[in-house]
Amino acid sequence: MLGAMQDWELRVTHLIDHAATEHGTREIVTRWADGSESRTNWAGVRRDAMKMANALRRYGIAPHDRIATLALNHHRHLVSWYGVVGAGGVLHTINPRLFDDQLEYMINHAEDRVLLYDAMFQPIVDRLRDKCPRIERFICFDSGDHAPAFEDWIAGESAEGNWASGGEREPCMLCYTSGTTGHPKGVLYEHRSTMLHAITALQPAVFNLDARSVVLPVVPMFHAASWGLPWMGAAAGAKFVYVQGNDPAALCEMMRQEKVNVSAGVPTVWLALLQHMDSTGIDLPELRQVVVGGSAMPRPIVERLMAQGLRIAHAWGMTETSPIGTTGAEPWDWDARDFQSQVSYKAMQGRVPFGVEIRCVSLGDPAVVLPRDGKASGALQVRGPWVVKRYFKALDDATAADQWFDTGDVAVIHPDGTLQLTDRTKDVIKSGGEWISSVDLENAAVGHPAVAEAAAIGITHPKWDERPILVVVRKPGADVTGEDLRAFLSDKVAKWWLPDAIEFVDALPHTGTGKISKKDLRDQFREYRLES
Ligand code: ADP
């Protein structure tokens, strides 16, 4: 027997219909890279998305065809998200900071038919055009110099019509992981997974959005679906403030001008914002909540933001998890905790919302499920309705038969369910049969006032198998020696974790998503030898 409720497939087009009908006048503001501003609202976004969907259909886009975007954050990019899915297509957001060979691989692997891009990425488009012959059509979001301009392209289209219909398990979006090893891998989100993720992620335990929210997503629309904000924001009827680029002065100015109360971005963004605020004396009185994720948020920054009265949600996730996995939702006894223990909690990766399951298994063979005791560290696995089952075009499932997906992260889970990431499986340092967390070493090192950035990697050692070395970038004008830093670390990590050597460099290698590339760093230090 089946239940007897209405048919209402969980399709993401319901989101934009809801936003336009119930929150139609709520504004969507764009500050372009040249300093000019545009204003529309949810009703305007829906109108233009329908025009775009009609333009795509007229062009002959078939259901599930991939349409790519190579663009920063702005309202036209938002329109294109709903326009593509509204036409039944699959939105493929591309990170312009990746290397050309990665971009070429992704575009060809995705078989993108149309590419929409920002004029500032014209040089990338020119370099890729011949290497990606499947792209039939180029549309420029903000200029008509080299390709039809977006507004001209949709201008003559009708704002009437229906969204493409279909089932909720059909695909709507494709995001590739940056692939620090091997080729990038595509994660094909479904309408259903995206909707369940959106409904969960706007809850108090995650982004805490409602119609009063004014959101400035610093997280780019090309990174892990902008953490789902364009979808959940429509459900909540939030106002959006988009800044094309992440210049701290422009971000601060727009946060003040538009009374932004929620923002989201990677830790380096908050570092840059805080530096700008310190040097200019600007404050952000309306900002109430920041969601930080993508890499670990150093404790001193968490403390600094919390001391200003901000609610921090330190989120862990990955492209493969849509991306919300855990957030820093406050536990029941939050108000009874003192400030320092609140900071300690927020410096960890938090707990899962309903819909995500996590567990850690031992790193050895055979893998056993580890207790949630805050001590046993192992490979983090995850499952749930918005976790990848199989990569795009892969023949095999990425998850095991019991659905657990291996995240490649190493973590401990505390008795109250709090997740604490300690490393990536590929980055842990194995010394004398015991594991050293490179992340813990790095976090301790960046607590030193003269250290801008630090990375720990394992170097082959004749006796211990591997020993850690620490590669450090000093803050401009700061002076610190290896001896100083070792002394500083000595009461922060176990004695046998102390790095065997500390090397100072001008810069560390980074990936296209701004994370330190341990792979490139290990390559740089391949010939490095430690004394026995
Ligand atoms: P990419 O693979 O493209 O770099 P992802 O966003 O998918 O981008 O990266 C996911 C990884 O980022 C996670 O597996 C984890 O290693 C790291 N990460 C994400 N959030 C956090 C966090 N809050 N703390 C520490 N590491 C994090």
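Strands are DSSP runs of at least two residues, labelled E and numbered from the N terminus. A residue is near a molecule if one of its heavy atoms lies within 4 Å of it. With these terms the shell around the ligand can be described. The structure is a predicted model.

The ligand is a convenient place to start. It is surrounded by 18 residues, and the closest are Ala315, Thr319, Asp409, Arg424 and Lys515. Sorted by kind, the shell holds five nonpolar, ten polar and three charged residues. Two strands, E13 (311-317) and E18 (419-424), each supply at least two residues of this shell. The strand that gives the most is E13, with four residues.

Several nitrogen contacts of the ligand can be located by residue. A backbone N or O atom of alanine 315 is 2.7 Å from a ligand nitrogen. At histidine 314 the side chain takes part, with an N or O atom 3.1 Å from a nitrogen atom of the ligand. Alanine 296 has a polar backbone atom at 3.3 Å from a ligand nitrogen. On its own the ligand has 580 Å² of accessible area, and the protein covers 89% of this.

From the ligand the path leads along E13 into a sheet. This open sheet has eight strands in the order E2-E1-E10-E9-E11-E12-E13-E14, and its pairing is mixed. Its edges are strand E2 (37-41) and strand E14 (324-326), each of which pairs on one side only. Direction ignored, neighbouring strands of the sheet are turned against each other by 25 degrees on average. Within this sheet, E13 runs parallel to strand E12 (residues 289-293), and five bridges join the two. One pairing can be followed by residue: valine 290 has isoleucine 312 in E13 as its bridge partner. Helix H8 (residues 229-236) packs on the sheet, where it touches strand E9 (214-217), strand E10 (239-243) and strand E11 (262-265). The direction of H8 makes about 150 degrees with that of E10.

The other shell strand, E18, belongs to a second sheet. This one is open and has four strands in the order E15-E16-E17-E18, with antiparallel pairing. Strand E15 (357-361) and E18 are the edge strands, each pairing on one side only. Here the average turn between neighbouring strands is 50 degrees, direction ignored. Inside the sheet, strand E16 (residues 378-383) and strand E17 (residues 405-413) run antiparallel and are joined by four bridges. Glutamine 381 has aspartate 406 in E17 as its bridge partner.

Two places in the backbone can be read against a general pattern. Most residues other than glycine have a negative phi, and most peptide bonds are trans. Serine 322 and proline 323 are joined by a cis peptide bond, with omega at about 10 degrees. Proline 323 is located in the loop between E13 and E14. The second place is histidine 64, which is not a glycine but has a positive phi of about 75 degrees. Histidine 64 sits in the loop between helix H2 (42-59) and strand E3 (66-70).

A last stop is proline 248, found in helix H9 (residues 248-257). Apart from its neighbours within four places in sequence, proline 248 is in contact with Ala272, Leu273 and His276. Glutamine 275 is 27 residues from proline 248 along the chain, and the C-alpha atoms of the two are separated by 8.8 Å.

Technical notes
Residues numbered from 1 in each chain as written. Predicted model: local features only at pLDDT ≥ 70, side-chain atom pairs only at ≥ 80, totals over all residues. Heavy atoms only, no water. Polar contact = N/O pair within 3.5 Å; in protein donor to acceptor, adjacent residues only side chain to side chain. Areas by Shrake-Rupley, 256 points an atom, 1.4 Å probe, with all protein chains shown as cover. Nonpolar A, V, L, I, M, F, W, Y, C, P; charged D, E, K, R; others polar. Pairing = 2+ DSSP bridges. Axes fitted to C-alpha atoms, helices over the stretch in contact; angles between N-to-C directions. Contact = heavy atoms within 4.5 Å.
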